[in-house]
Amino acid sequence: MKAFTALYLANAREFVRDRLAMVITIIMPLAFAGFFGMIFGQGDQAAGIRLGLAVQDNGPLSQQLVAILESPSMAESIGLTVADEEKLVESLRAGDLHAVLVLPAGLTERTAAGEAVNVPVYYDPSSQSSTGMGLGFVRSFLNQANLVAQSAPELITVDERSVMAEKQNPAAFYAPSMLGLAMLWLGVFGTAMPLVEMREKKVLRRLAVAPLSTRTVLAAQVGWRVTVGMVQTILFVAFSVLVLGLILGRQAHLILPIALLGAVTFVTLGYFIAALSPTSEAAIAIAQVVNFAMTFLSGSMFEPEFLPAALRPAMYIMPLTYLSDALRQVMVGFRPLFPLEVDVAVLAGLLLVLVPLTIKFWRWE
Amino acid sequence: MNDMALQVTDLRKSYGDLKAVDGVTFSVATGEVFGILGPNGAGKTTTVECIEGLRQPDSGEIVVLGRAFGADDPEFRRRLGIQLQSTGLYPKLTVREIMRLFTAFYDDTLETDALLDLVGLRERQNAPTAKLSGGQAQRLSLALALLNKPELVFLDEPTTGLDPQARRAIWDLVHDLRREGRTVVLTTHYMEEAEELCDRVAVMDHGHIIELGTPRELIAKYFRETAIEVDQVDGLTAEGLAALPAVGQVTEENGRFVVFSAAVPKTMSGLFDWAQAHSLELGQMVVRQATLEDVFLKITGRRIR
């Protein structure tokens, strides 16, 4: 126990004094989560759709429509700019607006006379948010305008219900996924590479002739790295709630156990890579390949639906897919890719396969 | 159980076609300082690493402190002190932290401060091990091998690459170990180190022990003569020197003739007479004992380095 504690502390000191390791394993994943969370999180919120409105008609219908657009409930989802048609089109070109709606002169009169009126809507086909959100919003708004124009009662209204436990922003996808990625990095960059370096610098060799069992040496190293994983998890959860404004799901109590399983599995994967790598050059190469494949094919960097169909099967063989999926489910109640039990079974199964393989191929020098 | 600290019988280890250790047999008595001497690639380190359990021998028997030694036996390792020829330590830990780390592996250890003083590293105790000079790292490595008060200490080329002062410091430590009655097995390719430190020496070459005995025995066996080193000057030839009285052998090294003489006064007076007769101005002359280096040259026909 004395030897274990001393080795654990030695590993801790080495890690804490290694700035690069700290940056890669702790700060970088948090920065990524923050980065993605902020971009996508802010974008869809509050002033989501920036709509330009040119009012050329001052009849009651137009006034009514303007009132709807300016109402507080609308202000939540659109940012409205009222100005001249020309000016607004300029802004649209400049990318400041998503769409421009013109209420043409005579709108009230002509609709009242039962005449169909063409309402000009400008959009920018080169901008995804313009064609998607901008045009989409205006279309649905005009449907509503038709009803208003006909003074028809609103018989069917929309009752928005989120399938997620709580109303979340898109950071709900990124924060848990990045935590999964952090566990991968802990294993690949935080474990495999330092181990191979220790082997090359013959530190492991010196430990091999000390009165230590292999078990004690490995337990101290794995133990410290799993500790790092747990600290990271706590930082991630705190960051997600306090900075990204996420609301924890109903299974939040499972975050630590799932993260623990993930940390142990990926740190073991790191040992396996170290066992297979004869030199640190080989370790770097293997680590890069594993990292690249898992990062992009595991549906952690972007939602799995965006993966081209040809690459979809690759997703199923990436262990990170299952960890990220499980973390998304328990952390924010994100829609599952697989049932939680499947995620846990895959990770635990991988661990059970890796341990004997790693011991078989392990070399002190 | 007996007074043998180490018994090695017919040890063999090959790497592919290379027979690194080819049937080595020797034993080391408790309290003895035993040297394994030989050039690089002679098989010294492989022999020692097989004994330490770092390498699996192909065949042969190794008995350490009275019991067959297995590689993974933590309890037993507590009685040994091992300095490896090439080793690394956690680079970002300080000297003191490393010592405390290794202290935690044992029950009965030397006090850290005393050990720091012993190896002269107290001033560097807060330096990260990556920042140590070669000599300092070697002394730290030695300290780690000694901190558990081992019964049997293995030192693999403890002074290679060190300056004379650092080498002296390590020699003093080995002398201390001998005084305390510990058994030391050390490898070296420095003849003078083996002569200075070792009670007995095994001379290794190409995986074999080619000679084994005390340094004095080995020298006496091969050289009943004394070496006279003479500067080379014009007119002085190896043939001329070989013809002098009581001369056994003449070799050349570093611009000097080495004349091995069974009777120094006879050879010397012969040399002076001959110089006078030929009007030769003789240069510097040194009379010294034959060394292990001379022995190695004589047995193998090669210099050790």
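**Exercises on two chains**

B:Asp10 is exposed, because its C-beta atom has 12 others within 10 Å (20 or more such neighbours would make a residue buried, 12 or fewer make it exposed, and anything in between makes it partly exposed, with C-beta atoms placed from the backbone). The model is predicted, and for that reason local features need pLDDT of at least 70 and side-chain atom pairs count only at pLDDT 80 or more, while totals for chains, interfaces and linings use all residues. Residues are numbered from 1 along each chain as its sequence is written, and chains are lettered from A and ligands numbered from 1 in the order in which they are written.

**Exercise 1.** Find where B:Asp10 lies, and then do the same for B:Ala246.

Solution. Start with B:Asp10, which belongs to strand β1 (residues 4–15) of chain B; helices (H or I, at least four residues) and strands (E, at least two) are DSSP runs, numbered from the N terminus. Its phi is positive, near 50 degrees, although the residue is not glycine. Next, B:Ala246 sits in the loop between α9 (238–242) and β12 (247–253) of chain B, and its phi is also positive, at about 65 degrees. With 17 C-beta neighbours inside 10 Å, B:Ala246 is partly exposed. As background, most residues other than glycine have a negative phi.

**Exercise 2.** Determine how strand β9 of chain B is joined to β3(B) and to β10(B).

Solution. First, β9 (residues 200–205) runs parallel to β3 (residues 33–37) in chain B, and four bridges join them (strands pair if DSSP finds at least two bridges between them). Here B:Phe34 is set opposite B:Arg200 of β9(B). Second, β9(B) and β10 (residues 208–213) of chain B are antiparallel and joined by five bridges, with B:Val203 partnered by B:Glu211 in β10(B). Finally, β9(B) and β10(B) form a hairpin that has two residues between the strands, and B:His206 in this turn has a positive phi of about 50 degrees.

**Exercise 3.** Describe the crossing of helices α10 and α11 of chain A.

Solution. Begin with the axes of α10 (residues 214–242) and α11 (residues 255–276) of chain A, which come within 9 Å and cross at roughly 140 degrees; axes are lines fitted to C-alpha atoms, for helices over the stretch in contact, and angles run from 0 to 180 degrees between N-to-C directions. That angle makes α10(A) oblique to α11(A) (under 35 degrees is roughly parallel, over 145 roughly antiparallel, 65 to 115 roughly perpendicular, and the rest oblique). The crossing is right-handed, meaning that the near helix is turned clockwise from the far one by less than a right angle, whereas anticlockwise would be left-handed. Residues of the contact include A:Gly229 of α10(A) and A:Ala263 of α11(A), where contact requires C-beta atoms, placed from the backbone, within 7 Å. By class the contact has 11 nonpolar, two polar and one charged residue; Ala, Val, Leu, Ile, Met, Phe, Trp, Tyr, Cys and Pro count as nonpolar, Asp, Glu, Lys and Arg as charged, and the others, Gly among them, as polar.

**Exercise 4.** Which residues of chain A and chain B meet, in terms of how many are in contact?

Solution. In total, 20 residues of chain A are in contact with 23 residues of chain B. On the chain A side, α1 (2–16) and α9 (203–208) each supply at least two residues, and the largest share, six residues, comes from α1(A). Sorted by class, this side has nine nonpolar, two polar and nine charged residues.

How values were computed: Two residues are in contact if their C-beta atoms, placed from the backbone, lie within 7 Å.
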